[in-house]
Amino acid sequence: MSDTRRRVKVYTLNEDRQWDDRGTGHVSSSFVERFKGTSLLVRAESDGSLLLESKISPNTAYQKQQDTLIVWSEADNYDLALSFQEKAGCDEIWEKICQVQGKDPALDITQDPIDESEEERFEEIPETSHLVELPPCELSRLEEIADLVTSVLSSPIRREKLALALMSEGYIKKLLGLFRVCEDLDNREGLHHLYEIVRGVLFLNKAALFEVMFSDDCIMDVVGCLEYDPALVQPKRHREFLTKTAKFKEVIPITDSELRQKIHQTYRVQYIQDIILPTPSVFEENFLSTLTSFIFFNKVEIVSMLQEDEKFLTEVFAQLTDDATEDSKRRELVNFVKEFCAFSQTLQPQNRDAFFKTLANLGILPALEIVMGMDDLQVRAAATDIFSYLVEFSPSMVREFVMQEPQQTDDDVLLINVVIKQMICDSDPELGGAVQLMGLLRTLIDPENMLASTNKTEKTEFLSFFYKYCMHVLTAPLLANTAHDKNSKDLQEGSTKINPVCPDNFQTAQLLALILELLTFCVEHHTYHIKTYIMNKDLLRRVLVLMNSKHTFLALCALRFMRRIIGLKDEYYNRYIIKGNLFEPVINALLDNGTRYNLLNSAIIELFEFIKVEDIKSLIAHIVDNFYKALESIEYVQTFKGLKGRYEQEKDRQSQRLNRYRRDARSLDEDEELWFNDDDDDDDGEAVEKRMEDDFSDSYGKYMESKKGAANGANGANNNGKAAVIPPSSPAVTPNNSSASSVKTVALPATPVVKTALVGLVDYPDDEDEEEEDEEEEQSPRKRPRLSS
């Protein structure tokens, strides 16, 4: 049978009160003639043998637990359980049981154990044929009481009856009185029995019993009973810890006695659950569900009572931001707010909204701005946790506060800059705090969580604010660690031969990797703002300095940053990369890596493979023109030969087009007409650029044929001081732009070709301006991809 919904494990309870696995099979319900009724049948999945055949008796108490467990008793000391693989299968069988018994499937137990009048109908079931009678609460009967409490745990009906008996007779307080007697007499046997009794009573899972056991006058005796575990040689000292070691600190005096009592009770009950009680087995997990709920609702009540006490919270925030507050006091205040926020996670969503709005109105964010900038590490760590609660709850609320801050001359006091500085200055060698803060920053600058905002301009306004006031703080360590040598101003901008202060310190390298991860995120999600910043700061050149780092993970981060930029296939970025000759550090890293087959090698090759597959013509031409000789020896992948092939194909296509252009005057007229039609749609700069590309193609072809006689032309080009550069901020190239960048060079092997290449073309001796444009286009192979065939 392949139906996993009906797949179950069959368990029976043995004499030691442990569950034995009887096998795995598939359960079904059908009418069995010899039982004269509907029965549960389980057949083994291995051989189809019958693991279980149990008639669904109208009077048997079945209980559903944890959504995938059905437990019942068939005879005295013979308890059964079916553990389902899927909830759906459990629900199906549960509905069948309830249908046979005429019960509501919404209930988790099919019989009502409380109604004493129904007890007579259970006579045929030995375990429910009589009420649970508690022995007299005496020292001599403790063993009998312990056995009784332990024995009823497997039966839901008997657990209910025992709980009723314990509550009706005030039995709990009598037992705790016996505990004090046994402890005075040092009666270890009696204390061990009391441990079993109190533990069993907790497993009855009844809130009414918890109210009695966790009251002020009983809870310490309950803890005392749980110290005497028979498995331990010496009892634990839980009461000593709760009364002497654990100290209740009131950062602001709490005047509400009920609130104080609730806080004490919650702490102690949480201690019982987390520290004293052993981890429950799979069948005991449900026994403590009410205890978990008890703690949960206590926390909700504490948060609500504190939230309603406006004087208390107002005083907390007033002292938190007061310069006169002592450091130790401020530390306690921040820890209180952190615990307060942690408790708030128990609230329902609508109540949590009201909670955080209350904190915002009280000034939580201005307070965080102050405490996050303090020197105390504990205070800063707690403040970071509070900040994370706020960002996770509402990034928009934090962004709104940040943008409303007065624009002071010192940007360092802005909340986001305080967060960035804390990230940068994290003293943890593993940068645990920095990683957490980086995640919060990414949440704040993520446009995805700005889309649903009622404020439609939030994205534009916040990103403009961030790049104006905060981005320079974030990139400061990166720029500082990739600074040029003091003599680098003598070098041309196109050269990457700088003397960087490349970070060898592991912690610094980790920090730079985090910053690069955030910047890479910006490249993917902030198209305009990050592009402008990269161009203005020449950021990619500085990042690629890190390709020299001895830490491979940092070199990979730098490479990933460039890969994301190229992945956008944006011609502005492509021109910037070509102009700056920014492939050089990447190719140097590939060559320095040698024949090692590692992640760096694969990542660099993937970058070039992407350029080849996506056929980014401007970058292909730049790479082949400048670096193919260095790369052609790499034959273990076909990537670089493929780039060369793409380059040759494009060159041939342009040559064929140019030949048609010359042979057929009509074709020339058509091309010119097409050019002018395009001009109507495009701006003047783009049209001029397109025409120059046509001229360039011919000049480049002639140059390749007359390369050996190009020396004089190269000298002339150098004398003119022209270079193949394109301003990154404009797609149109003009003679003025060319002159403005004439001092810059890309140091390309194939660049000194201008004059000679133009000699073989149509000569326009009377038009010097146009000759300048041809010269500019001659040295710009990245223009070729813009030609249309």
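User: I'm looking at H12 and H15. Is their crossing left-handed or right-handed?

Analyst: Happy to walk through that one! Bear in mind that this is a predicted model. The crossing of H12 and H15 is left-handed.

User: How should I describe a pair like this, and at what angle do the axes of H12 and H15 cross?

Analyst: In general, the angle between the axes and the distance between the axes describe two packed helices. Here, helix H12 (residues 327–344) and helix H15 (residues 377–393) have axes that come within 9 Å and cross at roughly 25°. Angles under 35 degrees count as roughly parallel, and H12 and H15 are therefore roughly parallel to each other.

User: Which residues in H12 meet H15?

Analyst: A general idea helps first: an α-helix has 3.6 residues a turn, so residues three or four places apart point the same way. In this model, H12 contributes Arg331, Val334, Asn335, Val337, Lys338, Cys341 and Ala342. Their partners in H15 are Gln378, Val379, Ala382, Ala383, Asp385, Ile386 and Tyr389. Sorted by class, this contact has 9 nonpolar, 2 polar and 3 charged residues.

User: Now charges. How many salt bridges are there?

Analyst: The general idea is that side chains of opposite charge can pair when their charged atoms come close. The count here comes to 30 salt bridges. One of them joins Lys206 to Glu160, with the closest N and O atoms 2.8 Å apart. That pair links distant parts of the chain, 46 residues apart: Lys206 sits in the loop between helix H5 (188–203) and helix H6 (207–213), and Glu160 in helix H3 (residues 156–168). Lys206 is partly exposed at 23% relative accessibility, and Glu160 is partly exposed at 21%.

User: What about Lys262 in the salt bridge with Glu301: buried or exposed?

Analyst: The cut-off for buried is under 20% relative accessible area, so Lys262, at 12%, counts as buried. Glu301 is partly exposed, at 31%. Their side chains meet at 3.6 Å, N to O. This pair also links distant parts of the chain, with Lys262 in helix H9 (residues 257–276) and Glu301 in helix H10 (residues 289–308), 39 residues apart.

User: Which residues are linked in a network of salt bridges?

Analyst: Lys64, Lys87 and Asp91 are linked in such a network.

User: Last one: which residues of H20 are buried?

Analyst: In helix H20 (residues 471–480), the buried residues are Met471, Val473, Leu474, Thr475, Pro477 and Leu478. They pack against several helices, including H17 (415–424), H19 (458–469) and H21 (506–525).

Technical notes: Residues are numbered from 1 along each chain as its sequence is written. This is a predicted model: local features need pLDDT of at least 70, side-chain atom pairs count only at pLDDT 80 or more; totals for chains, interfaces and linings use all residues. Side-chain values use heavy atoms; hydrogens and water are left out. Axes are lines fitted to C-alpha atoms, for helices over the stretch in contact, and angles run from 0 to 180 degrees between N-to-C directions. Helices (H or I, at least four residues) and strands (E, at least two) are DSSP runs, numbered from the N terminus. Angles under 35 degrees count as roughly parallel, over 145 as roughly antiparallel, 65 to 115 as roughly perpendicular and the rest as oblique. A crossing is left-handed if the near helix is turned anticlockwise from the far one by less than a right angle, and right-handed if clockwise. Contact means heavy atoms within 4.5 Å. Ala, Val, Leu, Ile, Met, Phe, Trp, Tyr, Cys and Pro count as nonpolar, Asp, Glu, Lys and Arg as charged, and the others, Gly among them, as polar. Buried means under 20% relative accessible area, exposed over 50%, partly exposed in between (1.4 Å probe, protein chains only). A salt bridge is a side-chain nitrogen of Lys or Arg within 4 Å of a carboxyl oxygen of Asp or Glu.
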